[in-house]
Structures are given as structure tokens and as C-alpha cells.
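Visitor: I have a model open and would like to go through it with someone, side chains and backbone alike. Could you walk me through it?

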Amino acid sequence: MNVGQFALTPIVADASNAQHYGLYEPPDLSRVDYKLHSVAAHEVARPDLIAYQWYRDVRLWWVICDFNDIFDPLADMYAGQVLKVPDADQVSTALAVQGE
């Protein structure tokens, strides 16, 4: 399954038939369990490292950012910050449901 940030974003055509990404619809993670993760100095601005630690998949970095309202990891992450990391099984389920 493709789990990249835009994998489930629809492709739409405009009036001239040029294709563009449609509106991003994030998976509903509002009711998932989560664990807390304290950002280490080497993880600042590197949500991919945190995603690999918890999900064994760097492509899921955007799930952690989205869940924690981090829009710019370079500016919004700092050492000692406590992040909520959504449960891996529930993230997989949410992505599979969204992809149906």
C-alpha cells in the first residue's frame, strides 16, 4: 500500500483537462490511541526519524506532524517537545479505510 503524504489525495482535471491534486482529506485519527514521545536533540526537524522508530516506515512522518498540528517541522519542533504518536495499527486501519 502506498502511504506517502499524497497517495490518497485525488487527482482532478480542470477546465483545460490539466490534472492537479484535489483537496487533501486527512484520515480521521480523532479517536485513535496514542503514546507520548519526547523529541531528542537529533530528532529536531526530523519527524521521519520518529516515524521510523514507531512505525518502521519513514513515509508516515506526516501522520505525526498532522496529529500534532506541526505545519513546519523546521520551525515547530524542538528538543524536549512531547508529541502524541498515533497507534500504528489504528493508523494502518485508517489509511486502508480511506483508500477504499
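Guide: What follows is a conversation about a predicted model, taken topic by topic.

Visitor: Let's begin with charges. How many salt bridges does the count come to?

Guide: The count comes to three salt bridges. Arg31 is paired with Asp28, where the closest N and O atoms are 3.9 Å apart, Arg46 is paired with Asp48 at 2.7 Å between the closest N and O atoms, and the side chains of Asp57 and Arg59 meet at 2.9 Å, N to O.

Visitor: 3.9 Å, hmm. Why does the Arg31 and Asp28 pair still count as a salt bridge?

Guide: The cut-off between the side-chain nitrogen and the carboxyl oxygen is within 4 Å, so the pair of Arg31 and Asp28, with its closest N and O atoms 3.9 Å apart, is counted. As a general point, side chains of opposite charge can pair when their charged atoms come close.

Visitor: Are Arg31 and Asp28 buried or exposed?

Guide: Arg31 counts as exposed, because its relative accessibility is 75%, and Asp28 counts as exposed too, with a relative accessibility of 53%. For the pair formed with Asp48, I can add that Arg46 is partly exposed, with a relative accessible area of 37%.

Visitor: And Asp57, where does that sit?

Guide: Asp57 lies in the loop between helix H1, residues 47-55, and helix H2, residues 61-67. Asp57 counts as buried because its relative accessible area is 17%, under the 20% cut-off, while its partner Arg59 is partly exposed at 40%. The side chains of Asp57 and Arg59 are also joined by a polar contact of 2.9 Å.

Visitor: Switching to the nonpolar side. Which residues of the largest nonpolar core touch the most other members?

Guide: The largest nonpolar core has 18 residues, and Ile50, Tyr55, Val63, Ile64 and Leu83 are those that touch the most other members. The elements that give two or more residues to this core are H1, H2, strand S4 (82-86) and helix H4 (88-99), and H2 gives the most, with four residues. In soluble globular proteins, nonpolar side chains tend to be buried together.

Visitor: What does Ile50 touch, leaving out residues up to four places away in sequence?

Guide: With those sequence neighbours left out, Ile50 touches His37, Val39, Glu43, Ile64, Met77, Leu83 and Val85.

Visitor: What about Gln81, buried or exposed?

Guide: Gln81 is buried, because its relative accessible area is 10%, and it lies in the loop between H3 and S4. Not counting residues up to four places away in sequence, Gln81 touches His37, Ser38, Val39, Ile70 and Asp76. His37 and Val39 are also among the residues touched by Ile50.

Visitor: Now the surface. Which residues make a nonpolar patch there?

Guide: Tyr34, Leu36 and Val82 make a nonpolar surface patch of about 310 Å². Tyr34 is found in strand S3, residues 34-38, and it counts as partly exposed because its relative accessibility is 42%.

Visitor: Backbone next. Which residues other than glycine have a positive phi?

Guide: Two that I can point to are Asn17, whose phi is near 70°, and Asp69, with a phi of about 55°. Most residues other than glycine have a negative phi.

Visitor: Where are Asn17 and Asp69 found?

Guide: Asn17 has its place in the loop between S1 and strand S2 (19-21), and Asp69 is found in the loop between H2 and helix H3 (73-76). Asn17 counts as exposed because its relative accessibility is 60%, and Asp69 is exposed as well, with a relative accessible area of 56%.

Visitor: Last one, Pro10. Where does Pro10 lie, and which residues does it touch?

Guide: Pro10 lies in the segment before strand S1 (11-13), and it counts as partly exposed, with a relative accessibility of 40%. Leaving aside residues up to four places away in sequence, Pro10 touches His20, Tyr21, Gly22 and Leu23.

Visitor: And how far apart are the C-alpha atoms of Pro10 and Leu95?

Guide: The C-alpha atoms of Pro10 and Leu95 are separated by 14 Å, with the two residues 85 residues apart along the chain.

Conventions
Residues numbered from 1 in each chain as written. Predicted model: local features only at pLDDT ≥ 70, side-chain atom pairs only at ≥ 80, totals over all residues. Heavy atoms only, no water. Buried < 20%, exposed > 50% of the residue type's maximum accessible area, 1.4 Å probe, protein only. Polar contact = N/O pair within 3.5 Å; in protein donor to acceptor, adjacent residues only side chain to side chain. Contact = heavy atoms within 4.5 Å. Core = buried A, V, L, I, M, F, W, Y, C linked by side-chain atoms within 4.5 Å. Patch = residues over 30% accessible without salt bridge, like charges linked within 9 Å, V, L, I, M, F, W, Y side chains within 5 Å. Areas by Shrake-Rupley, 256 points an atom, 1.4 Å probe, with all protein chains shown as cover.
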